[in-house]
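Colleague: I would like a close look at one part of this model. Please take a pair of packed helices and walk me through them, then add whatever helps to place them.

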Amino acid sequence: MPPLLHVKDLSVHYHGTPVIEGVGFDVAPARCVALIGANGSGKSTVLRVLSARQEADGGTVLFDGEPVREQDPDFRRDVAVSMDGGECFPDLTVAEHIRMVAAAHGLGRKATTAAADILDHLGLGAHHNAFPDTLSAGQRQALLLSAALVRPARLLMLDEPEQRLDAGAKERLADILRQVKQAGTGIVLVSHERALVEAVADHVVLLASGRCVAQGEPGHVLSQEAAPWR
């Protein structure tokens with residue numbers, strides 16, 4: 001089976017200075033690839049390119065055999081993305097926000113139940129009628145994750161989803177991501193949380209100064225000298 005996402009020789013330059021050089025990996029359905037590395041290693045830049053929010057200066061990024069294009073309706077339908085800085089609708093309650101996302105992605109009559117389930121799983125069960133500006137930082141992060149997780153997707157991209165979550169919410173997130181994989185969805189996970197990577201990832205890509213210095217099974221890569229948690 002061809003990979004769901006194929007990345008080869010990816011490069012990004014800022015003002016002529018390389019910040020990403022020669023990064024490549026594949027993501028198959030029902031598998032999770034985690035990108036790890038110290039701050040500034042290029043993880044989020046790679047994810048922005050993969051999600052078509054930033055153009056690469058070189059290399060290949062294919063989703064389902066086609067170049068990634070954010071304006072492509074098929075890409076927008078099949079790929080769910082949660083990145084830092086995501087916005088909420090301030091005039092909608094938590095439940096209304098997630099129901100709207102679910103309905104917009106074709107869940108129809110199942111939207112209400114799907115929204116309630118994902119909010120409960122991420123610890124927002126008592127906040128269905130709250131407005132986003134009344135939530136704590138961790139609750140707002142859970143809301144943004146709910147918007148990405150409630151909708152059907154063939155590929156899920158997450159940029160440090162564990163940030164601002166408490167320990168219980170992190171464990172619930174790991175459980176949800178394992179369920180997402182079991183349903184056949186591929187995942188690209190940028191994370192600083194070793195426990196989350198160990199719980200979810202099937203393949204780990206270790207970045208340092210914009211280059212891949214190791215990749216492979218989690219146990220092998222996490223033991224490398226450049227790994228942030230060694």
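Modeller: What follows is a walk along helix 3 and helix 4, then a few single residues elsewhere. Bear in mind that this is a predicted model.

Start with helix 3, which spans residues 94–104. Which of its residues are buried? They are Val 94, Ala 95, His 97, Ile 98, Val 101 and Ala 102. Around the axis they cover an arc of only 165°, so they sit on the same side of helix 3. What does that side pack against? The buried residues of helix 3 pack against helix 4 (111–121) and helix 5 (137–149). Just after helix 3 comes Gly 106, with a positive phi of about 90°.

Now helix 4. Its buried residues are Ala 111, Ala 114, Ala 115, Ile 118 and Leu 119. Seen down the axis, they fall within an arc of 125°, so they line one face of helix 4. The packing partners of these buried residues are helix 3, helix 5 and helix 6 (167–182). Helix 5 therefore appears in both lists of partners, for the buried residues of helix 3 and for those of helix 4. Just after helix 4, Gly 123 takes a positive phi of about 80°.

How do the two helices cross? The axes of helix 3 and helix 4 come within 8 Å, and the crossing angle is roughly 125°. That angle makes helix 3 oblique to helix 4, because it lies outside the 65 to 115 range for roughly perpendicular and is not over 145. The crossing is right-handed.

Next, the contact itself. From helix 3 come Val 94, Ala 95, Ile 98, Arg 99, Ala 102 and Ala 103. They meet Ala 111, Thr 112, Ala 115, Ile 118 and Leu 119 of helix 4. By class, that contact holds nine nonpolar residues, one polar and one charged. Val 94, Ala 95, Ile 98 and Ala 102 are among the buried residues of helix 3. On the helix 4 side, Ala 111, Ala 115, Ile 118 and Leu 119 are among the buried ones.

Two strand residues come next. Val 188 lies in strand 8 (residues 186–190). Val 188 is buried, with a relative accessible area of 0%. Leaving aside neighbours within four places in sequence, its contacts include Leu 5, Val 27, Val 33, Leu 35, Leu 155 and Met 157. Its C-alpha atom is 27 Å from that of Gly 125, 63 residues apart along the chain.

Val 213, in strand 10, is partly exposed, at 44% relative accessible area. Not counting residues up to four places away in sequence, Val 213 touches Leu 206, Ala 208 and Ala 226. Gly 37 is 176 residues apart from Val 213 in sequence, yet their C-alpha atoms are 9.7 Å apart.

Last, two loop residues with unusual backbone angles. Most residues other than glycine have a negative phi. His 15 has a positive phi, near 55°. His 15 is found in the loop between strand 1 (5–14) and strand 2 (17–27), and counts as exposed at 86% relative accessibility. Ser 209 also has a positive phi, near 50°. Its loop runs between strand 9 (203–208) and strand 10 (211–216). Ser 209 is exposed too, at 67% relative accessibility.

Conventions: Residues are numbered from 1 along each chain as its sequence is written. This is a predicted model: local features need pLDDT of at least 70, side-chain atom pairs count only at pLDDT 80 or more; totals for chains, interfaces and linings use all residues. Side-chain values use heavy atoms; hydrogens and water are left out. Buried means under 20% relative accessible area, exposed over 50%, partly exposed in between (1.4 Å probe, protein chains only). Helices (H or I, at least four residues) and strands (E, at least two) are DSSP runs, numbered from the N terminus. The arc is that of the directions from the helix axis to the C-beta atoms. Contact means heavy atoms within 4.5 Å. Axes are lines fitted to C-alpha atoms, for helices over the stretch in contact, and angles run from 0 to 180 degrees between N-to-C directions. Angles under 35 degrees count as roughly parallel, over 145 as roughly antiparallel, 65 to 115 as roughly perpendicular and the rest as oblique. A crossing is left-handed if the near helix is turned anticlockwise from the far one by less than a right angle, and right-handed if clockwise. Ala, Val, Leu, Ile, Met, Phe, Trp, Tyr, Cys and Pro count as nonpolar, Asp, Glu, Lys and Arg as charged, and the others, Gly among them, as polar.
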